[in-house]
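Visitor: Before I accept any label given to this model, I would like to hear the reasoning behind it. Could you take me through it step by step?

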Amino acid sequence: MEEKYEMLKISNQICFPLYACSREIIKQYTPFLDKLDLTYTQYIAMMVLWEKKSLTVKELGECLYLDSGTLTPLLKKMESKGLLSRRRSAEDERNLIVTITEQGERLKERAAEVPGKMAQCSNLEPDEAAELYRLLYKLLNNTKKA
């Protein structure tokens, strides 16, 4: 009968170490991001904006796997900090366009050191990090389809 509940043990769940690891990694980011006055979610939004410069809220949400209910307050806060601007699309007013500002672009210079500092925290060899990255995206893409 105990066999029936074996899979309910936390030690048998792949979700738990992913969850715990995610929380711990975000904690590691905190001192670096505090210097930039960014939360982790604001930081990943800025990474997309540094790359794309301008996109719709929907596109940003797709990049970050976040819904508009999560993004709206986040983007309002970032706009109040002067990092981005939001405006309705001229072609379709239902779409809200998010664009990085000059101030947001300047923050990129200060943020450039964060990935290197975080890589030092992981204690993974480059090939291990690459394999973990590949497996996580495989899992992410498989679960998104499910």
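Guide: What follows is a conversation about a predicted model, in which each label is set against its criterion.

Visitor: Why is H2 called roughly perpendicular to H5?

Guide: The axes of helix H2 (residues 40–52) and helix H5 (residues 102–111) come within 10 Å and cross at roughly 110°. Angles of 65 to 115 degrees count as roughly perpendicular, and therefore H2 is described as roughly perpendicular to H5. The crossing of this pair is, in addition, left-handed.

Visitor: What makes the contact between H2 and H5?

Guide: On the side of H2 the contact is made by Tyr-43, Met-46 and Trp-50, while H5 brings Gly-104, Glu-105, Leu-107, Lys-108 and Ala-111. By class, these residues divide into five nonpolar, one polar and two charged. Because Gly is counted among the polar residues and Glu and Lys among the charged ones, Gly-104 is the polar residue, and Glu-105 and Lys-108 are the charged ones.

Visitor: Which hand does the crossing of H2 and H3 have, and at what angle do their axes cross?

Guide: The crossing of H2 and H3 is right-handed, and their axes, which come within 10 Å, cross at roughly 115°. The residues that make this contact are Ile-44, Ala-45, Val-48 and Lys-52 of H2, together with Leu-60, Cys-63 and Leu-64 of H3. They divide into six nonpolar, no polar and one charged, and since Lys counts as charged, the charged residue is Lys-52.

Visitor: What makes the lining of the largest pocket, and how is it divided by class?

Guide: The largest pocket has a volume of about 1700 Å³, and of the 35 residues that line it, Ser-22, Ile-25, Tyr-40, Leu-136 and Tyr-137 are the closest to its centre. Two or more lining residues come from each of helix H1 (15–34), H2, helix H3 (57–64), helix H6 (114–122) and helix H7 (126–145), and the largest share, 10 residues, is that of H1. By class, the lining has 29 nonpolar, five polar and one charged residues.

Visitor: What is the phi of Asp-37, and where does this residue lie?

Guide: Asp-37 lies in the loop between H1 and H2, and its phi is positive, about 60°, although the residue is not a glycine. Most residues other than glycine have a negative phi. Lys-53, in the loop between H2 and strand E1 (54–56), also has a positive phi, near 70°, and is likewise a residue other than glycine.

Conventions. Residues are numbered from 1 along each chain as its sequence is written. This is a predicted model: local features need pLDDT of at least 70, side-chain atom pairs count only at pLDDT 80 or more; totals for chains, interfaces and linings use all residues. Side-chain values use heavy atoms; hydrogens and water are left out. Axes are lines fitted to C-alpha atoms, for helices over the stretch in contact, and angles run from 0 to 180 degrees between N-to-C directions. Helices (H or I, at least four residues) and strands (E, at least two) are DSSP runs, numbered from the N terminus. Angles under 35 degrees count as roughly parallel, over 145 as roughly antiparallel, 65 to 115 as roughly perpendicular and the rest as oblique. A crossing is left-handed if the near helix is turned anticlockwise from the far one by less than a right angle, and right-handed if clockwise. Contact means heavy atoms within 4.5 Å. On a 1 Å grid over the protein atoms alone, a cavity is a set of points where a 1.4 Å probe fits but cannot get out, and a pocket is an open set with protein on both sides within 12 Å along at least five of seven lines; lining residues have an atom within 4 Å of a point. Grid points are joined across faces, edges and corners, and a volume is the space filled by probe spheres set on the points.
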